[in-house]
Amino acid sequence: FNTEKFTILLNRIIDIPKFVHMASKCCDDVVVRSGNYSVNAKSIMGLLSLDLSKPVKVEFYGRIPMVVREGINKFIVG
């Protein structure tokens with residue numbers, strides 16, 4: 001599998017469902033990691049369980065659709 005990793009910031013509550021919606025368009029797994037915790041990026045409840053006041057890592061496994069790649073640009077930091 002091809003894996004792409006990004007650092008993102010979801011510090012506004014409205015960003016979470018938008019990000020989940022985009023991640024759900026991926027056929028393969030998308031994982032968000034914060035410290036020792038990893039959650040499914042397609043799960044709103046999973047993301048809400050993380051400390052989103054700081055940037056988190058997101059890992060896309062497999063192909064990222066172009067619409068998703070363009071949509072996550074606004075969340076990518078550093």
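V77 sits in the segment that follows α3. In this predicted model, V77 comes out as partly exposed, at a relative accessible area of 28%. Leaving out residues up to four places away in sequence, V77 touches T7, I8, L9 and P55. One of those partners, P55, is 22 residues away along the chain, yet the C-alpha atoms of V77 and P55 are separated by 7.6 Å.

**Helix α1 and its cover**

Now to helix α1, which runs over residues 15-23. Its buried residues are D15, I16, F19, V20, M22 and A23. Looking down the axis of α1, you find these buried residues within an arc of 160°, so they line one face of the helix. What lies over them? The cover of the buried residues of α1 includes strands β1 (3-8), β2 (30-34) and β4 (56-61), along with helices α2 (44-48) and α3 (66-72).

M22 is a good residue to zoom in on. It belongs to helix α1, and M22 is buried because its relative accessible area is 10%, under the 20% cut-off. Setting aside neighbours within four places in sequence, M22 is in contact with V68, G71, I72 and F75. There is also a C-alpha to C-alpha distance worth a look: M22 and V67 are 8.1 Å apart in space, with their positions 45 residues apart in sequence.

**A nonpolar patch on the surface**

Just before α1 there is something to see on the outside. I14 is placed in the loop between β1 and α1, and at 46% relative accessibility I14 counts as partly exposed. I14 is one of the residues in a nonpolar surface patch of about 520 Å², which it makes together with I13, I44, M45 and L48. Two of these names, I44 and L48, also mark the ends of helix α2 (44-48).

**Salt bridges**

How many salt bridges does a search of the whole structure find? The count is four, and among them are the three pairs below.

| Pair | Closest N and O atoms |
|---|---|
| R69 and E4 | 2.8 Å |
| E59 and R33 | 2.9 Å |
| D51 and K54 | 3.5 Å |

As background, side chains of opposite charge can pair when their charged atoms come close.

Take the salt bridge between R69 and E4. R69 is in helix α3 and E4 is in strand β1, so this pair ties together parts that are 65 residues apart in sequence. Both ends have some access to the outside: R69 is partly exposed, with a relative accessible area of 26%, and E4 is partly exposed too, at 21%.

Next comes the salt bridge that E59 forms with R33. Here the link runs between strands, with E59 in β4 and R33 in β2, so the pair ties together parts that are 26 residues apart in sequence. Is each partner buried or partly exposed? E59 is buried, with a relative accessible area of 9%, while R33 counts as partly exposed at 31% relative accessibility.

The pair of D51 and K54 has its closest N and O atoms 3.5 Å apart. D51 counts as partly exposed, at 37% relative accessibility. D51 also turns up among the contacts of S34, a residue of strand β2. Not counting residues up to four places away in sequence, S34 touches L50, D51 and V56. S34 itself is buried, with a relative accessible area of 16%.

**The two cysteines**

How many disulfides does the structure hold? There are zero. C26 is in no disulfide, and the nearest cysteine sulfur to its own is that of C27, 7.7 Å away. Why is there no bond between C27 and C26? A disulfide is a covalent bond between the sulfur atoms of two cysteines. The sulfur of C27 is 7.7 Å from the one in C26, its closest cysteine sulfur, and that is too far for a bond; the cut-off for the sulfur pair is 2.5 Å.

Where do these two cysteines stand, buried or exposed? C26 counts as buried, at 5% relative accessibility, whereas C27 counts as exposed, at 77%.

Definitions and conventions
Residues numbered from 1 in each chain as written. Predicted model: local features only at pLDDT ≥ 70, side-chain atom pairs only at ≥ 80, totals over all residues. Heavy atoms only, no water. Buried < 20%, exposed > 50% of the residue type's maximum accessible area, 1.4 Å probe, protein only. Helix = DSSP H or I, 4+ residues; strand = E, 2+ residues; numbered from the N terminus. Arc of directions from axis to C-beta. Contact = heavy atoms within 4.5 Å. Patch = residues over 30% accessible without salt bridge, like charges linked within 9 Å, V, L, I, M, F, W, Y side chains within 5 Å. Areas by Shrake-Rupley, 256 points an atom, 1.4 Å probe, with all protein chains shown as cover. Salt bridge = Lys/Arg side-chain N within 4 Å of Asp/Glu carboxyl O.
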